[in-house]
Each structure stands twice: as C-alpha cells, then as structure tokens.
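Hi,

Here is the structure I promised to pass on. Have a look at it first, and then read my notes below.

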Amino acid sequence: MVLTKEQLSELICKHSERENGRQDLLEILLESMMVSERRKYLRENSTSGNKCNGFRPGA
C-alpha cells in the first residue's frame, strides 16, 4: 500500500489527536529509524559475516 504525502499527513494528524497518539507516532518513527540504520549497517558490512545474532569473529 503506497500513500501520497497528503494521505500520510492526514493519517498522522488524526492519529496524533488520540490519547497517547504523539507518543505512538514517536515510537513508530524511532523504531523505523533504528530498523533502517540496522539494514544499512548490514548491507555495508555483509562481508564480515555479521547477521546481528551475537556473531563474533574467532580470534
């Protein structure tokens, strides 16, 4: 499902008016940013074998 900027803006405005709406939106935003950062890190460091599962290279 792809939303236009106007549709997304309206959804955000409606959600922010709910009880705890702003907190929910901030939580979603921060989690999305962390997931994006992790994906980028894994793409850039995929040759090291790191899969974010506690991997540590042997000494």
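Buried residues account for just 3% of the 59 residues in the protein. Keep in mind that this is a predicted model, so every number here is computed from it. The accessible surface adds up to about 5,900 Å², and carbon and sulfur atoms own 54% of that. As for secondary structure, you get two helices and zero strands.

**How the helices sit together**

Helix α1 covers residues 5-16, and helix α2 covers residues 21-44. Their axes are 7 Å apart and the angle between them is about 130 degrees, which makes α1 oblique to α2. If you want to look at the contact itself, go to I12, H15 and S16 on the α1 side. Their partners in α2 are G21, R22, D24 and L25.

The loop between α1 and α2 holds N20, and that residue caught my eye. N20 is not a glycine, yet it has a positive phi of about 65 degrees. With a relative accessibility of 47%, N20 counts as partly exposed, because the partly exposed class runs between 20% and 50%.

**Salt bridges**

How many salt bridges does a search of the whole structure find? It comes back with two, and here they are in turn.

- In α1, E10 pairs with K14, and the closest N and O atoms are 3.4 Å apart. The two residues are four apart in the helix, so about one helical turn separates them. E10 is partly exposed, at 46% relative accessible area.
- In α2, E44 pairs with K40, with 3.9 Å between the closest N and O atoms. That value still passes because the cut-off is within 4 Å. Here too the partners are four residues apart in their helix, which means a separation of about one helical turn. E44 counts as exposed at 55% relative accessibility, whereas K40 is partly exposed at 46%.

**A nonpolar patch**

Which residues form a nonpolar patch on the surface? They are M1, L3, L8, L11 and I12, and together they have about 530 Å² of accessible area. L3 belongs to the segment before α1 and is partly exposed, with 33% relative accessibility. I12 is worth a second look, since this patch residue is also one of the α1 residues that meet α2.

**One more pair to check**

Y41 is in helix α2 and is partly exposed, its relative accessible area being 36%. How far apart in space are Y41 and C52, C-alpha to C-alpha? The distance is 10.0 Å, and in sequence the pair is eleven residues apart.

If you only have a few minutes, I would open the model at N20 with its positive phi, then go to the place where α1 and α2 pack, and finish on the patch that includes M1 and L3. Tell me what you make of it.

Cheers

Technical notes: Residues are numbered from 1 along each chain as its sequence is written. This is a predicted model: local features need pLDDT of at least 70, side-chain atom pairs count only at pLDDT 80 or more; totals for chains, interfaces and linings use all residues. Side-chain values use heavy atoms; hydrogens and water are left out. A salt bridge is a side-chain nitrogen of Lys or Arg within 4 Å of a carboxyl oxygen of Asp or Glu. Buried means under 20% relative accessible area, exposed over 50%, partly exposed in between (1.4 Å probe, protein chains only). Accessible areas come from the Shrake-Rupley method with a 1.4 Å probe; for residues, only the protein chains shown count as cover. Patches are made of residues with over 30% relative accessible area and no salt bridge: like charges are joined within 9 Å, nonpolar side chains (Val, Leu, Ile, Met, Phe, Trp, Tyr) within 5 Å. Axes are lines fitted to C-alpha atoms, for helices over the stretch in contact, and angles run from 0 to 180 degrees between N-to-C directions. Angles under 35 degrees count as roughly parallel, over 145 as roughly antiparallel, 65 to 115 as roughly perpendicular and the rest as oblique. Contact means heavy atoms within 4.5 Å.
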